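Visitor: I'd like to learn how to read helix packing and burial from a model. Could you walk me through one?

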Amino acid sequence: MAVSILHRVSGNGMAVAGLGVLLWFVGAIASGPAAYATFAGVMGSPIGIIVLIGISWAFFNHLMSGIRHLVLDVGAGFEVDRNNRWATISILLGIVLTVLFWAIILFAK
């Protein structure tokens, strides 16, 4: 149940927050250097980074949950123990992939 709820939450989060950031980014590029500097300043601030981390978590969580649902759609993994194990693994993989993604972004220079 938690995976299904998180799948919906992460999908809606990407749709709302992700689309908002994307539209602001495109608008800032189209508006010129001053607008882009404002965008880059906000997204580089601690609050902006938290928003970007949240969007990337939503992406990876939604991806892992979607893969899990794809496996279930082909008729595999319906056993209760296996289903519960993969539910937990999909949540953990979303977190691990987000941490790895941001570790690469922040520390690979």
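Guide: Sure. Axes here are lines fitted to C-alpha atoms, for helices over the stretch in contact, and angles run from 0 to 180 degrees between N-to-C directions. Keep in mind that this is a predicted model.

Visitor: What is the order of elements from the N terminus on?

Guide: The elements run α-α-α-α, with four helices and zero strands in the protein.

Visitor: At what angle do H1 and H2 pack, and how far apart are their axes?

Guide: The general idea comes first: two packed helices are described by the angle between their axes and the distance between the axes. In this case, H1 and H2 pack at about 145°, and their axes are 7 Å apart. On the H1 side the contact uses Val21, Trp24, Phe25, Ala28, Ile29 and Ser31; H2 brings Ala35, Tyr36, Phe39, Val42 and Met43. By type, the residues of this H1–H2 contact are ten nonpolar, one polar and no charged.

Visitor: Which residues make up the largest nonpolar core?

Guide: Five residues do: Val21, Ala28, Phe39, Met43 and Ile55. Helix H1 (2-31) and helix H2 (33-44) are the elements that give two or more residues to this core. As for Ile55, leave out residues up to four places away in sequence, and Ile55 touches Met14, Ala17, Gly18 and Val21.

Visitor: Now polar residues. Is threonine 98 buried or exposed?

Guide: Buried means under 20% relative accessible area. Threonine 98 has 6%, so this residue counts as buried. Threonine 98 sits in helix H4 (residues 80-107), and its side chain reaches the backbone oxygen of glycine 94 at 2.7 Å. Setting aside neighbours within four places in sequence, threonine 98 is in contact with Ile53, Ser56, Trp57 and Phe60.

Visitor: And where does serine 65 lie?

Guide: Serine 65 is part of helix H3 (residues 46-73). Its relative accessible area is 1%, so serine 65 is buried too. Beyond residues up to four places away in sequence, serine 65 touches Val3, His7 and Ser90.

Visitor: Stepping back, what radius of gyration does the protein have?

Guide: The protein has 17 Å, whereas a compact globule of 109 residues would be near 13 Å. Look at the C-alpha trace as well: along its principal axes it spans about 55 × 25 × 20 Å. Buried residues make up 25% of the 109 residues.

Visitor: How much of the contacts comes from residues 24 or more positions apart?

Guide: Among contacts with a separation of 6 or more, such residues account for 69%.

Conventions: Residues are numbered from 1 along each chain as its sequence is written. This is a predicted model: local features need pLDDT of at least 70, side-chain atom pairs count only at pLDDT 80 or more; totals for chains, interfaces and linings use all residues. Side-chain values use heavy atoms; hydrogens and water are left out. A nonpolar core is a set of buried Ala, Val, Leu, Ile, Met, Phe, Trp, Tyr and Cys residues joined through side-chain atoms within 4.5 Å. Buried means under 20% relative accessible area, exposed over 50%, partly exposed in between (1.4 Å probe, protein chains only). Contact means heavy atoms within 4.5 Å. Ala, Val, Leu, Ile, Met, Phe, Trp, Tyr, Cys and Pro count as nonpolar, Asp, Glu, Lys and Arg as charged, and the others, Gly among them, as polar. A polar contact is a pair of N or O atoms within 3.5 Å; within protein, one must be able to donate a hydrogen and the other to accept it, and residues adjacent in sequence count only if both atoms are side-chain atoms. The radius of gyration is taken over C-alpha atoms; the globule rule is 2.2 Å times the number of residues to the power 0.38.
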